[in-house]
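Visitor: Please take a close look at one position in this model, and then work outward from there to the helices, the sheet and the enclosed space.

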Amino acid sequence: MRIPRTAALVSAAVLAAGLATGCGTGEGESILDGKTLTIGVKADQPGLGLRQPDGTFAGFDVDVARYVAGKLGFTGDEVRFTETPSNVREQVLEQRRVDMVVASYSITASRKTKVTFAGPYYVAHQDTLVRAGDAVVRNVRDLAGRRLCKVTGSNSWRRVTEERRVPARLVETTSYSACVDRLISGGVDAVSTDDLILAGFAARHGNAVMIVNAPISDEKYGIGLHKGDLDGCEAINRALTEMYQDGTAARLLDKWFGRTTLQTTTSVPQFEGCG
């Protein structure tokens, strides 16, 4: 049975005073009031969210989601995971097909108009993945005139071609797994997105690809909720604080990325605020 909302939250109540969330009381239905919790995750990102042969999902995002769900009082069959590609993350929340999204979901001003974000639960940095042995691309400026993969629903390509005005040639695909496949086969020259995503693929494909290690931005990974669920947001932020303070975050980062060259951060991120 699900733990009553008050019991699920009381263990973390002492942490609330230290959070600068700026949240108020939410209106309407909250995830805290449900009997089950449906969570949208990625299915094709090694290290973050990947569908296993048995149909289950595994990765850092999945483990974070499961930890948060437990702190909210949802356990066992009360927690359900469903594949949520980048291009439908706002849609599935707006249509209430999921209760929350934990899918390398960067917090942006435009997304905040449609979604309430808890967190971030991690701050990644956008970097670039190229084929092993590529001696040309050493930073984002070197992407000028080269074929850069563009994933539908992702903002990563905008930071290259729009924010930094690098005239890369965009090649559109539906997912980062498809991007990396094209990179390895020679269909594109580079994939630029969050370093956690790139590290997962680099670990999977070994010597075929390499990370440039020239970050260009901060990517604040948030947990997407139905717009206006401020009570749920506050509760999740308390759970995320506890996740870092009890050592779970460091353990999960080491579990999924410890064998890569990625330098992870294990201190509590600065929360954006729920309002």
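**From one strand position outward**

Guide: Thr38 is found in strand S1, which covers residues 37-41. The model is a predicted one. The relative accessible area of Thr38 is 16%, and because the cut-off for a buried residue is under 20%, Thr38 counts as buried. Leaving aside residues up to four places away in sequence, Thr38 touches Arg80, Thr82, Arg97, Val98, Asp99 and Met100.

Burial can be followed next in two helices. Helix H7 spans residues 195-205, and 8 of these 11 residues are buried, so the helix is largely enclosed by the rest of the structure. The buried residues of H7 are Asp195, Leu196, Ile197, Leu198, Ala199, Gly200, Phe201 and Ala202. Just after H7 comes Gly206, with a positive phi of about 60 degrees.

In helix H6, residues 176-185, the buried residues are Tyr176, Ser177, Cys179, Val180 and Leu183. Viewed down the axis of H6, these buried residues fall within an arc of 155 degrees, so they line one face of the helix. The general geometry is that an α-helix has 3.6 residues a turn, so residues three or four places apart point the same way. H6 is followed by Gly186, which also has a positive phi, here near 95 degrees.

The sheet comes next. Three strands form an open sheet in the order S2-S3-S4, and the pairing is antiparallel. Its edge strands are S2 (44-45) and S4 (57-58), each of which pairs on one side only. Between S2 and S3 (residues 49-51), the antiparallel pairing runs over 2 bridges. Gln45 stands opposite Gly49 of S3.

That leaves the enclosed space. The structure holds 2 cavities of 30 Å³ or more, and the largest contains about 110 Å³ of space. The lining of this largest cavity consists of 17 residues, and those nearest its centre are Arg89, Ser104, Ser106, Ser154 and Ser156. Helix H5 (156-161) and strand S10 (191-194) each supply at least two residues of that lining. Sorted by class, the lining has 2 nonpolar, 9 polar and 6 charged residues.

Notes:
Residues numbered from 1 in each chain as written. Predicted model: local features only at pLDDT ≥ 70, side-chain atom pairs only at ≥ 80, totals over all residues. Heavy atoms only, no water. Buried < 20%, exposed > 50% of the residue type's maximum accessible area, 1.4 Å probe, protein only. Helix = DSSP H or I, 4+ residues; strand = E, 2+ residues; numbered from the N terminus. 1 Å grid on protein atoms, 1.4 Å probe; cavity = no way out; pocket = protein on both sides within 12 Å on 5 of 7 lines; lining within 4 Å. Points joined across faces, edges and corners; volume = space filled by probe spheres on them. Nonpolar A, V, L, I, M, F, W, Y, C, P; charged D, E, K, R; others polar. Arc of directions from axis to C-beta. Pairing = 2+ DSSP bridges. Contact = heavy atoms within 4.5 Å.
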